[in-house]
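Work through the exercises below with the sequence and the coordinates at hand. Each task is followed by a solution that proceeds step by step.

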Amino acid sequence: MGCDGGTIPKRHELVKGPKKVEKVDKNAELAAKWKYCTLSQEKLRRPIVSCELGRLYNKDAIIEYLLDKTAERPNAEAVTHIRGIKDIKELNLTDNPEWEGERRNAKGDRYEDIHCGMFICPVVGLEMNGKHRFCYLQTCGCVFSDRALKEIKTEICHKCGDPFKDEDIVVLNGTKEEVQKLKEKMEEKRVKAKTKKSKKSKAVETVSAPPESKAVAGPSGASSSTKGSKSLAASATKRSIQDMEEKSEAFKSLFTTHSSAKRSKDQTSNWVTHTPYHF
Ligand SMILES: [Zn+2]
């Protein structure tokens, strides 16, 4: 600056002029998508996850969001489609041996090369820096360049060997059109899942609230294995069975409203037919 050895500072050194409009380099903007969490805007670091739309996030940012969706976040609109942990997939990325961004930066003697990707395609070695198309497999989370997936036709993952189908491939940071397509696919999938669920919950209703039906109706056949429960259930017309304190846990557990029945999808499928016979 001056003032240290008799130099006289000039006006432009002391007075800040109007801010120069920063030109956003398109490439830099693109590259940033591959380097920063879409939600927190922090540098991507493992564990890194992606959603059904192929955006990249730090897992901790998403967890934080899911724990409190009401908190104000600048980029919350980018994650409204993530309803729970099931809607994200942890990515299995391959480190780029050339990557030394952090170390270089720490020394401060060189600018970080924005085109050096942190990760590479494990098959063809392309850098994941925004210049090449990359995809991940929704089945196992492994990440590959589009080129590898197109050139080497396979039905098992190049990296971990898990089987996958074409529809499991999600393009990362795709174009507007690609994201739109992914969105449609996601919505379709969710509608399908919903209709499945509503069928299930109908079955639950018939069991937990048997108003007119004489016996404990429902597909379980529970009535046959618990003599006497008919009258109990019949008297419970309006109230939920789970609210009745005088009933034993074993009795309550016969019904799908009981906590023991609230299991993951895999476990619920056979419950209805098997459980009644344990009592
Ligand atoms: Zn894999």
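**Exercise 1.** How many disulfides does the structure hold?

*Solution.* The model is a predicted one, and the count of disulfides in the structure is zero. To see how this applies to one cysteine, take Cys 121, whose sulfur has its closest cysteine sulfur in Cys 135, at 9.8 Å. A disulfide requires two cysteine sulfur atoms within 2.5 Å, and therefore the separation between Cys 121 and Cys 135 is too far for a bond. As to its surroundings, Cys 121 counts as buried because its relative accessibility is 1%, the cut-off for this class being under 20%. Cys 51, with a relative accessible area of 1%, is buried as well.

**Exercise 2.** Determine which residues are the protein donors of the zinc ion, and classify the geometry of the site.

*Solution.* Begin with the donor atoms, which are the SG atoms of Cys 140, Cys 142, Cys 157 and Cys 160, lying 2.2 to 2.3 Å from the zinc ion. Next, place these residues along the chain, where their spacing follows the pattern C-x1-C-x14-C-x2-C. Then examine the angles among the four donor atoms, which run from 106 to 115° and make the site of the zinc ion tetrahedral. For reference, the ideal angle for four tetrahedral donors is 109.5 degrees. Finally, consider accessibility for two of the donor residues: Cys 140 and Cys 142 are both buried.

**Exercise 3.** Describe the open sheet of three strands, giving the strand order, the sense of pairing and the edge strands.

*Solution.* The order of the strands in this open sheet is S7-S6-S8, and the pairing is antiparallel. The edges are formed by strand S7 (143-145) and strand S8 (169-171), each of which pairs on one side only. From one strand to the next, the twist averages 35°. Turning to a single pair, S6 and S7 are joined in the antiparallel sense over three bridges, and Cys 135 has Phe 144 in S7 as its bridge partner. In general, strands of a sheet pair through backbone hydrogen bonds.

**Exercise 4.** Where does Asn 129 lie, and is this residue buried or exposed?

*Solution.* First locate Asn 129, which belongs to the loop between strand S5 (119-120) and strand S6 (134-137). Its relative accessible area is 8%, so Asn 129 is buried. Lastly, look for a partner of its side chain: a polar atom of the Asn 129 side chain lies 3.0 Å from the backbone nitrogen of Lys 131, a distance to be judged against the polar-contact cut-off of 3.5 Å.

Methods:
Residues are numbered from 1 along each chain as its sequence is written. This is a predicted model: local features need pLDDT of at least 70, side-chain atom pairs count only at pLDDT 80 or more; totals for chains, interfaces and linings use all residues. Side-chain values use heavy atoms; hydrogens and water are left out. Helices (H or I, at least four residues) and strands (E, at least two) are DSSP runs, numbered from the N terminus. Buried means under 20% relative accessible area, exposed over 50%, partly exposed in between (1.4 Å probe, protein chains only). A polar contact is a pair of N or O atoms within 3.5 Å; within protein, one must be able to donate a hydrogen and the other to accept it, and residues adjacent in sequence count only if both atoms are side-chain atoms. Two strands pair if DSSP finds at least two bridges between them. Axes are lines fitted to C-alpha atoms, for helices over the stretch in contact, and angles run from 0 to 180 degrees between N-to-C directions. Donors are N, O and S atoms within 2.8 Å of the metal (3.2 Å for Na, K and Ca); water is not among the atoms, so sites may look incomplete. Four donors count as tetrahedral if all angles lie between 85 and 135 degrees; four count as square planar and six as octahedral if opposite donors are over 155 degrees apart and all others between 65 and 115; anything else is irregular.
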